[in-house]
Amino acid sequence: MLHTPRRPELLAPAGTLDMMRTAFAYGADAVYAGQPRYSLRVRNNSFGQLDTLAAGMAEARAAGKLFYLVANIYPHNAKIRSFAEDMAPVMELKPDALIMADPGLMMMVRERWPETDIHLSVQANTTNYASVRFWQSAGIKRIILSRELSLDEVAEIRDACPDMELEVFVHGALCIAYSGRCLLSGYFNHRDPNQGSCTNSCRWDYKLHAADENAAGDVQACGDTPIGNPKDSGAVGTATRSRLDTAQGLALGGGPRHIGGSKVWLLEEGTRPGELMPIEEDEHGTYILNSRDLRAIEHVQRLVEIGVDSLKIEGRTKSPYYVARASQGYRRAIDDAVAGRPFDLRLLGELEGLASRGYTDGFYQRHHTPEHQNYLRGHSESGRSLLVAEMVGYDAARGLAEVEVKNGFGVGDRLEFVQPGGNHELKLDRILTADGSTVERIPGSGRRVWLPLPAGADPARPCFIARFL
């Protein structure tokens, strides 16, 4: 059943005030930030400071935006004992909702702050309409559905639960297990993902070895030394992961490619030489290496038609440029879908410039035709870009922008000036240094130079500068 299109909320991550301001400037309707002790992002989170959190919430309200606070760990007893006391000053700031997963913490919030709206975290792994109805009966206002659902499953839940707010992730990192329930970090470093201290072990560099066929039956448990002579087949780093990413236990647009059929393969993590871990494969693939990142911008129109209430971007530890590009792209996709305009394939390429591990649309569409894959890929690659600078000032007399260099660029490059009001292109014809001399190329970060602004760019608005590749 198709619902009357309504404009869903665009929800962006905020690890800092700068990220929050950038998200709002580039089109987000709301942001979410975590409490370090009680959410799954301990690091890179300035909102653990009460004054910063208060300033963020005040700015959001003044701008007519929403600010959600994440407290989605599954706590052990020690954190239960401190939760209410730690949260009391935070709750006085009246966040627009708490994002939570643990029923015990929810009960504590209901008892002490009954007026607070609660959104059920993706950590609760809600995958069916019966669970949605259960949580609705418990007074939960919104369900953040599991990432492991297809578009058709999301539509079925919406039809079965028409009066419950639904939220889905559309962009960002994917776990190699049901969201947040991975054990790798706890195994390697005794840092529990569900306590907020995940070390992202799934994204480390590993070497892949073929075990001696004669010793295949003697390989011991993970972490033990296997019998036999491993044959090194090279590092499995960023450049080579693409060969393996469809064997990650995720639907990445085709059937899994098996690594060596029934052979025994061993993984060796870069900082643990000699600790060879056997990996097993079934018809779905293998489950230890990292996944591509989620990019579902091409499905925004369908999600709008389904009637999803909020589309969420992952990435509280990412950069302001990441949140600017992602918010801008998904804002345009939402506005086009609501207005009945077709999806703009150029948006795929604009997101290619963000740091990622390659993209997948996750589980939303389990099987793509080869023609569809090639169609999307061609548009993605043609629009690839790289962040090279950020504007930090403007000299009106000379008509030049002062920029802080992030990556190398030079005269003759085609640049894109990314601003909240729209993007503008320029073929760079000169670069001026602080003393007024001209240079042909700037090799890398840590410098400030002066560039001309393209026609139409607003010198008073935030501006990131990307180079087309």
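**Briefing: a strand residue and its surroundings**

Leaving aside residues up to four places away in sequence, aspartate 293 touches Gly172, Ala173, Leu174, Ala355, Ser356, Arg357, Gly358, Tyr359 and Thr360. This is a predicted model, with an average pLDDT of 82 for the protein chain and 76% of the residues scoring at least 70. One stretch to handle with that in mind is residues 213-262, where the pLDDT is below 50; beyond near neighbours in sequence, this stretch still has 113 contacts in the model.

**The chain as a whole**

- The protein chain has 11 helices and 24 strands.
- Out of 469 residues, 53% count as buried.
- Looking at contacts with a separation of 6 or more, 70% come from residues 24 or more positions apart.
- About 20,400 Å² of the protein chain is exposed, and carbon and sulfur atoms supply 50% of that area.

**Aspartate 293**

- Aspartate 293 belongs to strand S12, which covers residues 293-295.
- Is aspartate 293 buried or exposed? Its relative accessibility is 3%, so aspartate 293 counts as buried, the cut-off being under 20%.

**Strands S8 and S10**

- Strand S8 spans residues 206-210, and 4 of its 5 residues are buried.
- S8 runs antiparallel to strand S10 (residues 265-269), and 5 bridges join the two.
- One of the partnerships here links alanine 210 with tryptophan 265 in S10.

**Aromatic pairs**

- The structure holds 5 aromatic pairs.
- Tyrosine 26 and phenylalanine 464 have ring centres 6.1 Å apart; their planes sit at 45°, so this pair is tilted.
- Why does this pair tie together parts that are 438 residues apart in sequence? Because tyrosine 26 lies in the loop between helix H1 (17-25) and strand S2 (30-34), while phenylalanine 464 is in strand S24 (residues 464-468).
- Tyrosine 26 and phenylalanine 464 are both buried.
- Phenylalanine 134 and tryptophan 135 make an edge-to-face pair, at 5.1 Å centre to centre with 75° between the planes.
- Tryptophan 135 is buried too, at a relative accessible area of 14%.
- Tyr26, Tyr321 and Phe464 form a cluster linked by ring pairs.

**Arginines over rings**

- Arginine 147 lies over the face of phenylalanine 169, 3.8 Å from the ring centre.
- Over at tryptophan 450, the charged end of arginine 398 sits over the ring, 4.6 Å from its centre.

How values were computed: Residues are numbered from 1 along each chain as its sequence is written. This is a predicted model: local features need pLDDT of at least 70, side-chain atom pairs count only at pLDDT 80 or more; totals for chains, interfaces and linings use all residues. Side-chain values use heavy atoms; hydrogens and water are left out. pLDDT is the predictor's confidence in each residue, from 0 to 100. Contact means heavy atoms within 4.5 Å. Buried means under 20% relative accessible area, exposed over 50%, partly exposed in between (1.4 Å probe, protein chains only). Helices (H or I, at least four residues) and strands (E, at least two) are DSSP runs, numbered from the N terminus. Two strands pair if DSSP finds at least two bridges between them. Accessible areas come from the Shrake-Rupley method with a 1.4 Å probe; for residues, only the protein chains shown count as cover. Rings of Phe, Tyr and Trp (its six-membered ring) pair if their centres lie within 6.5 Å; planes under 30 degrees apart count as stacked, over 60 as edge-to-face and the rest as tilted. A charge sits over a ring if NZ of Lys or CZ of Arg is within 6 Å of the ring centre and within 35 degrees of the ring normal.
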